[in-house]
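Trainee: Got a minute to walk me through this fold? I'd like to get the sheets and helices straight.

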Amino acid sequence: MEPRSGDGRGRLDPSREDEVVGHATIVAAELRDLLGADQLAGLDVTWLAVDQAMPTGDFVAIVPLLSRWVGGTELKRLPKLRIVANCASGHDNVDVVAAELRGVTVTHTPDVLTDATADLAWALILACARRVVEGTELVRSGRWAGWHPGLLLGIELRGRTLGLFGAGRIGQAVGRRAGPFGMRILYTARNPRPEFERETGAVRVERSRLLRESDVLSLHAPSVPETKGMIDAAALRLVKPTAILINTARGDLIREEALAGALEEGRLGAAGLDVYLDEPAIHPRLLAAPRTLLLPHIGSATLEARRQMAAMAVANVRAVLAGDPPLTPAFR
Ligand code: NAP
């Protein structure tokens, strides 16, 4: 069995090997400052930094970040594992089939990051519509020559159409924020959301109509085989040349090469992205494309959300180790 880390500074500490108490649990070292001692009581924690390889041993629980792959090989090296408590919304980093075969529960941290992510989607919408980053760059460059009636013209949102691809927790939260801006809402999801429709006047439509009619197209679906690459060259041919594409969901929903092409050729108004196919690498053409606002995957990056995500992940560990059902299973 691998040694535990008592100092918790993200390094395994061989000197602690004999001091094992409680449930052997691996926790992402990056969460250390977000978790209190009371939350970790009874767990024998090994803090594992993102650049450290997964240890082998009798660990019964792991709390990883989205950036750590937990696949068949990793699960095989942890034969006593009972739970992968992802500190993220979603489970893209876990081989759920391998986990199920081994009887390992997989949980995630939905809900607590909904408002933070919806707020960030709106930050991107407003920043793209009003060319906020271009304005900042112009001022800082020293090339701003004063007020001009044609300088950095954007679009007004009132009367425009917000298209939501996916109207789950975050998609609906983004939609609910659209009312005061006077936007009409269309959405695409496999199941209707009657309450959301009643509350906001949103209309459920087919994907092609969503693409054609949206002035702002915001992606809020999970990364699953049916959604991967859904914004490809064909989809981008359907969208309005003035449309703003927002992605705070998952990078692989978009074919980045095709998106870069649409932006380069002026076939898309703007793109506001928080997530990418191969994070932290970003496609060089996307980096260089015009009217592109790129954020470093900070959808849930508020102190409130991050604290609650860490707390929820650990609460899932406690529940499962106590023999109770997981609080927020990644799938049912
Ligand atoms: P959610 O509540 O599960 O909602 C997902 C939505 O997508 C539902 O409306 C679902 O409706 C729809 N959907 C699923 N499969 C679909 C398909 N094949 N075609 C069309 N619609 C489909 O998820 P959420 O909590 O809102 O999260 C949304 C996304 O944001 C996820 O990808 C999550 O990983 C990501 N996220 C990113 C950040 C960030 O930091 N940027 C933070 C949090 C979450 P139906 O089942 O009815 O189709």
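Mentor: Sure, here is a quick tour of the sheets and the helices on them. Keep in mind that this is a predicted model.

Trainee: OK, what's the strand order in the seven-stranded sheet?
Mentor: That open sheet goes β8-β7-β6-β9-β10-β11-β12, with parallel pairing.

Trainee: And which strands stand at the edges there?
Mentor: β8 (203-204) and β12 do. Each has a single partner strand, so one side of each has no neighbour in the sheet.

Trainee: Let's zoom in on β11. How many bridges pair it with β10?
Mentor: Four, in the parallel sense; β10 covers residues 244-247. In that pairing, N247 sits opposite L273 of β11.

Trainee: How does the chain get from β10 to β11?
Mentor: Through helix α10, residues 256-264, and this β-α-β crossover is right-handed.

Trainee: What about β12, how many bridges join it to β11?
Mentor: Three, and the two strands run parallel. L273 turns up again here, since its bridge partner in β12 is L294.

Trainee: Which way do the β11 side chains point, and are they buried or exposed?
Mentor: A270 and G272 point one way, A271 and L273 the other, and all of them are buried.

Trainee: Any pairing detail for β6 and β9?
Mentor: β6 (residues 161-165) and β9 (residues 216-219) are parallel and share four bridges. L164 stands opposite S218 of β9. As for what lies on this sheet, α10 packs there and touches β10, β11 and β12, its direction making about 140° with that of β11.

Trainee: Switching topic: what's the order in the five-stranded sheet?
Mentor: β2-β1-β3-β4-β5, another open sheet with parallel pairing. The edge strands are β2 (43-48) and β5 (105-107), each with a single partner, so each has one side without a neighbour in the sheet. On average, neighbouring strands are turned by 15° against each other, direction ignored.

Trainee: Who's the bridge partner of A61?
Mentor: I83 in β4. Two bridges join β3 (residues 61-63) to β4 (residues 83-85), and those strands run parallel.

Trainee: Which helix packs on that sheet?
Mentor: α12, residues 303-321, which touches β1 (23-28), β2, β3, β4 and β5. Its direction makes about 165° with that of β4.

Trainee: Last one: how do α4 and α6 pack?
Mentor: α4 (residues 114-129) and α6 (residues 169-176) pack at about 55°, with axes 9 Å apart. That angle makes α4 oblique to α6, and their crossing is right-handed. The contact residues include W122 and I125 from α4 and I170 and V174 from α6.

Conventions. Residues are numbered from 1 along each chain as its sequence is written. This is a predicted model: local features need pLDDT of at least 70, side-chain atom pairs count only at pLDDT 80 or more; totals for chains, interfaces and linings use all residues. Side-chain values use heavy atoms; hydrogens and water are left out. Buried means under 20% relative accessible area, exposed over 50%, partly exposed in between (1.4 Å probe, protein chains only). Two strands pair if DSSP finds at least two bridges between them. A crossover is right-handed if, with the strands pointing away from the viewer, the path from the first strand over the helix to the second runs clockwise. Axes are lines fitted to C-alpha atoms, for helices over the stretch in contact, and angles run from 0 to 180 degrees between N-to-C directions. Angles under 35 degrees count as roughly parallel, over 145 as roughly antiparallel, 65 to 115 as roughly perpendicular and the rest as oblique. A crossing is left-handed if the near helix is turned anticlockwise from the far one by less than a right angle, and right-handed if clockwise. Contact means heavy atoms within 4.5 Å.
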